[in-house]
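User: Please take a close look at a single part of this model and describe how it sits in its surroundings. I would like one connected account rather than a list.

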Amino acid sequence: MSAITLSLLFFGASISNRTKTTLGRLKTYLQGETVSDGISTDLSNEKQVNMSVLPMSISNLNAAEQTFTFSLGIVMTWFDPDLAWNKTDYDDIEQVAISKDYVWTPSVTIPNGINNIAPISRQSPELHSDGKAQLTITDSFTTSCQIDITLYPFDQQQCDILFMPANNYDLGVETIGSIFTILPAFFIKNSEWELVDIRAKIVNVKLRRIPNCVSFEFFLKRKSMFYIVSIIFPMALLSVLNACVFILPADSGEKMSYLISIFVSYAVFMNFVNDSIPKSGDVCRLSVYLTLILCQSCLAIITTMATLNVRNNGHLFQTKTDLQPGNDTLNSNSTARLYVMRASKARRADHVFFWVFLFLALMSLLVFCV
């Protein structure tokens with residue numbers, strides 16, 4: 001039993017030593033006997049480095065600063081016959097990782113980057129026996145993004161990241177067009193933005209040493225349910241309540257206090273709304289909507305004052321005149337008939353204004369559909 005155990009241990013040790021010896025020979029083949037003999041292939045314009053990206057998280061989209069912050073995994077792949085080896089000569093080893101000090105690796109810059117314009121890989125490049133090399137960069141990036149908040153909070157934004165080759169080679173993409181399939185399991189979703197699509201394209205810059213750039217465009221859609229429930233729906237209800245003042249009996253004496261209460265509610269609510277609207281030079285649809293319903297509230301106050309004046313005085317801005325001497329009973333009956341006629345006209349006007357203001361309240365919502 002002990003003899004069998006010793007034999008297995010000896011066999012395993014011999015395999016381990018053989019593997020180490022094979023890796024040592026392959027390492028010597030790839031990087032040379034010394035550092036000065038290491039392989040450093042200078043790619044010409046006939047060679048191409050293809051890029052692909054893997055989204056990891058969407059951190060922030062700042063409308064005031066016009067910036068887009070996200071985390072991304074970048075994979076750069078190229079072929080170099082000088083890095084190929086015959087795997088049968090090295091115990092069928094097909095893939096190894098080697099320090100980038102001994103092999104040529106592509107460098108890229110990000111022209112529209114804010115802080116990290118020259119990303120550096122912290123991983124060693126992977127080499128395959130057929131000459132394929134692969135380098136992975138994972139980092140957090142902040143790029144400039146032209147954000148249009150006109151349709152806020154139902155807006156969609158397009159932000160991109162540009163890659164430009166820093167040394168002499170052609171930069172391309174593995175797939176042109178939409179590369180968005182399924183988000184990885186480790187992708188961290190954003191509470192405000194939904195990643196809709198990612199598209200890759202090649203941009204011709206027409207420079208002598210830089211023939212082209214690669215652009216990855218991120219299409220983002222704002223999650224608007226919070227704004228519908230917390231802002232638009234309450235403000236729409238307040239605008240409908242403006243119309244309801246015209247079905248409130250004038251004899252109650254509460255019409256003006258009712259409208260003033262709604263107007264004050266607007267002012268208090270708009271302080272909260274102002275904090276949620278992105279600070280930008282553009283005017284968004286939500287700001288237009290809030291301005292419209294605030295104008296409706298002011299118009300409802302003016303209209304109510306006018307109808308109350310007509311009800312009590314006959315017409316706008318009529319001054320009190322001295323009563324003509326005559327029969328008091330006749331004057332009293334005449335005043336009563338006039339009051340009934342004015343009250344009837346005021347009620348009919350209130351009914352008309354109710355439907356007019358209700359129509360205005362509903363039509364104001366169309367500002368989000370234009």
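Analyst: In this predicted model, strand 10, which covers residues 193-204, runs antiparallel to strand 11 and is joined to it by 11 bridges. Within this pairing, Arg 199 has Glu 217 of strand 11 as its bridge partner, and Glu 217 is the residue on which the rest of this account is centred.

Strand 11 itself spans residues 212-222, with Glu 217 among them. The two strands belong to an open sheet of five strands, paired in antiparallel fashion and ordered 4-7-11-10-9. The edges of this sheet are taken by strand 4 (108-109) and strand 9 (177-178), each of which has a single partner strand, so one side of each is left without a neighbour in the sheet.

Glu 217 counts as buried because its relative accessibility is 9%, which falls under the 20% cut-off. Its side chain makes a polar contact of 2.9 Å with the side chain of Lys 201. When neighbours within four places in sequence are left aside, the residues in contact with Glu 217 are Gln 158, Cys 159, Asp 160, Asp 197, Ile 198, Arg 199 and Lys 201; Arg 199 therefore appears both in this list and as the bridge partner of Glu 217.

As for the setting in the whole chain, there are five helices and 11 strands, and 37% of the 370 residues count as buried. Among contacts with a separation of 6 or more, 75% come from residues 24 or more positions apart. The chain has an accessible surface of about 21400 Å², with 60% of it belonging to carbon and sulfur atoms.

Note on methods. Residues numbered from 1 in each chain as written. Predicted model: local features only at pLDDT ≥ 70, side-chain atom pairs only at ≥ 80, totals over all residues. Heavy atoms only, no water. Helix = DSSP H or I, 4+ residues; strand = E, 2+ residues; numbered from the N terminus. Buried < 20%, exposed > 50% of the residue type's maximum accessible area, 1.4 Å probe, protein only. Polar contact = N/O pair within 3.5 Å; in protein donor to acceptor, adjacent residues only side chain to side chain. Contact = heavy atoms within 4.5 Å. Pairing = 2+ DSSP bridges. Areas by Shrake-Rupley, 256 points an atom, 1.4 Å probe, with all protein chains shown as cover.
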